[in-house]
Amino acid sequence: METHSVSKLLALYLVAALFVGSELIQCTTVSYDKKAILINGRRRLLISGSIHYPRSTPEMWEGLIQKAKDGGLDVIDTYVFWNGHEPSPGNYYFEGRYDLVRFIRTVQKAGLYLHLRIGPYVCAEWNFGGFPVWLKYVPGISFRTDNGPFKMAMQGFTQKIVQMMKNERLFASQGGPIILSQIENEYGPESKALGAAGHNYINWAAKMAVGMNTGVPWVMCKEDDAPDPMINACNGFYCDGFTPNKPYKPTLWTEAWSGWFSEFGGTVHHRPVQDLAFAVARFIQKGGSYVNYYMYHGGTNFGRTAGGPFITTSYDYDAPIDEYGLIREPKYTHLKELHRAIKLSEHALVSSDPTVTSLGSYQQAYVFNSGPRSCAAFLSNFHMKSAATVTFNNMHYDLPAWSISILPDCRNAVFNTAKVGVPTSRVQMTPTHNRLLYWETYDEDLSSLHDRSSISTIGLLEQINVTRDTSDYLWYMTNIEINSWESFLHGGKWPTLTLQSAGHAVHVFINGQFSGSAFGTREQREFTFTKPVNLHAGINRIALLSIAVGLPNVGLHFETWKTGIQGSVFLDGLSRGRKDLTMQKWLYKVGLNGETMNLVSPSGASSVDWIRASLATHNQQLKWYKAYFNAPLGNEPLALDMRSMGKGQVWINGQSIGRYWMAFANGDCSMCSYTGTYRETKCQLGCGQPTQRW
């Protein structure tokens, strides 16, 4: 584990300009029927994209939203992140990257609508699914079920957000941009597992939300039993097979997955834009009228916000706008052209139901005809290998494999999902040539760990119960006395230490010396460390540094899942056989000493003696690094190349950038074709390389 503190010799001055003027506030009526969302009584076919405000900086928001608008979007979609806004009970935070009102105002200024997904469970590969960790310790609580303490807390936060939006007049019914809100999130699997308790809870959540009188429709995604007037919606790689639970509700796709997230040790996932466009066109031709790309800009899991566990700091998601805010081609422009073709067809699409005609074994025509001057057709070829030439309205059309052509006037094909006319963009990381002034190091003090412990108990404690997620790190410490007559002290084999962990990683130290590491994976959090260890006669100190790599964000009652050293701890190879250490006295210390001293801040950094890196010893495994550099000129995105490092966290000017881990990707990076059903295991990139280098 290497932990870095990086500082810039840089001062930022923000100049605020106040514009005073008069603006006529026009209230908007939002409703729905079986075909579409109605805005001021007019059916709208809406294209949306997810941009999560805490995953980018406020300085980026305006540019990101403008690029989204230029890409043909009508709506920006975001979750609301409870644990970012209420870090402790009753103490709220809405500043910086969590300035929700500023973000929504920026959307409004761009002339776009907003879908506010309050949740407040978000999943989103976000730490603890968006729930604050303190919620786990409310007496009697059980998450996301018919449970009084949970419902009280959930309602309180939902009311807080809704009232804030009302106070700022941000709902469309008040003249604001918010046209939709979501309560709960992807509850279907939990509802089925919990039975009556789940059914009662979801009915309560719907009634609670509607009772807040926002003046805009509410949505529940992946919840087939969503009660009226909730609109149930679809999430997935494809949603053309989805039908709402009532015939008078519109067909909404709240998450069209533009790619997939990355996990440390896994590959980077790529979804070809030909398939994504094909999926969207399939949905529209089946009567869909609202599509939201998840994500349109994925951004960055700053600090310790990544969940999983093992989710990377990068949340790029192969989105049309990449992690750095740069346009990703051909995905961005190809989708922009798709949106243009759909908008040219909008009147026919929302005014009529399709007539479906077979054009061949794998080919069909979906024709929307609402009058002599309003006709649109979607010509599809579902064959995964062969192109086809079809005849429609006495004209011939060439359809590549796995594609749809859109004819806004039922004659001229203005777009085909498989025909990409935009070159692929390549992001090149180039050195800034800004010289680091110097590196300094500070060794984490291991000599007095036992003396600085704050808790002692018999047996092993669950990690999050001790840390309350204030740090990734928890020390488990104990002593063992070795008799001088042990055979391994006289030329025999070293004894073997074995420990079982519920996750997520561990570093083992014996008498202050590093002895080895082990870690789990996102799919298998639990793991076992077993290795010979060097003990001496007398008292030996065992220190186990257990490391959390993001808390779980999905799964039935994930609040009950355990982290830390939770199985047995024992030594094999002693003269009297196995020595079980599990139920002896253990000492605990939360976090690293450098965290306690706040070494990442200018004042904390000056409180210790740093050593020039050139003079530092290299036998210490836990080390802080610090460097100064001048900020490069220009406004291009900056990234840190971490390839020479191991595992840890990075700060710049006291701000936590996130975790890093040079874990190498293991997967199948064979040929990638856009044809055929896409899953996250298809089109993997980066095998044999660090999952996240930058």
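In which loop is Phe128 found? In this predicted model, Phe128 is found in the loop between β7 (113-119) and α4 (148-167). Although Phe128 is not a glycine, its phi is positive, at about 60 degrees. Most residues other than glycine have a negative phi, and most peptide bonds are trans. Phe128 counts as buried because its relative accessibility is 4%, where buried means under 20%.

Phe128 also takes part in the lining of the largest cavity, together with Lys136, Glu462, Ile464, Leu551, Pro552, Phe558, Glu559, Trp561 and Thr563. The volume of this cavity is about 60 Å³. The count of cavities of 30 Å³ or more comes to three. Among the pockets, the second largest has a volume of about 1,400 Å³. Its lining comprises 42 residues, and those nearest the centre of the pocket are Val268, Asp316, Asp318, Arg328 and Leu685. Two or more residues of this lining are given by each of the elements β12 (268-269) and α7 (273-285).

A second non-glycine residue with positive phi is Asn653, for which the angle is about 50 degrees. Asn653 belongs to the loop between β34 (647-652) and β35 (655-661). With a relative accessibility of 36%, Asn653 counts as partly exposed, because this value falls between the limits of 20% for buried and 50% for exposed residues.

Cis peptide bonds occur in two of the loops described here. The bond from Glu329 to Pro330 is cis, with omega near 10 degrees, and Pro330 is placed in the loop between β13 (290-297) and α8 (331-344). Gly503 and His504 are likewise joined by a cis peptide bond, with an omega of about 10 degrees. His504 is situated in the loop between β24 and β25. This loop, between β24 (496-501) and β25 (505-510), also holds Ala502. Ala502 is buried, because its relative accessible area of 9% is under 20%. Between Ala502 and Val533, the separation is 31 residues in sequence and 22 Å in space, C-alpha to C-alpha.

Two antiparallel hairpins were examined in the strand pairing. Strand β14 (residues 355-358) pairs with strand β15 (residues 363-371) in the antiparallel sense, over four bridges. The hairpin formed by β14 and β15 has four residues between the strands, and Val356 stands opposite Tyr366 in β15. Strands β29 (residues 565-574) and β30 (residues 577-580) also run antiparallel, and three bridges join them. In this case the hairpin connects β29 to β30 through two residues. Leu574 is the residue opposite Gly577 in β30.

On the surface, Val427, Met429 and Trp694 form a nonpolar patch, whose accessible area together is about 240 Å². Val427 lies in the loop between β20 (415-416) and β21 (438-443). Its relative accessible area is 45%, so Val427 is partly exposed, the value lying between 20% and 50%. Val427 thus also satisfies the requirement that a patch residue have over 30% relative accessible area.

Note on methods: Residues numbered from 1 in each chain as written. Predicted model: local features only at pLDDT ≥ 70, side-chain atom pairs only at ≥ 80, totals over all residues. Heavy atoms only, no water. Pairing = 2+ DSSP bridges. Patch = residues over 30% accessible without salt bridge, like charges linked within 9 Å, V, L, I, M, F, W, Y side chains within 5 Å. Areas by Shrake-Rupley, 256 points an atom, 1.4 Å probe, with all protein chains shown as cover. Salt bridge = Lys/Arg side-chain N within 4 Å of Asp/Glu carboxyl O. Buried < 20%, exposed > 50% of the residue type's maximum accessible area, 1.4 Å probe, protein only. 1 Å grid on protein atoms, 1.4 Å probe; cavity = no way out; pocket = protein on both sides within 12 Å on 5 of 7 lines; lining within 4 Å. Points joined across faces, edges and corners; volume = space filled by probe spheres on them.
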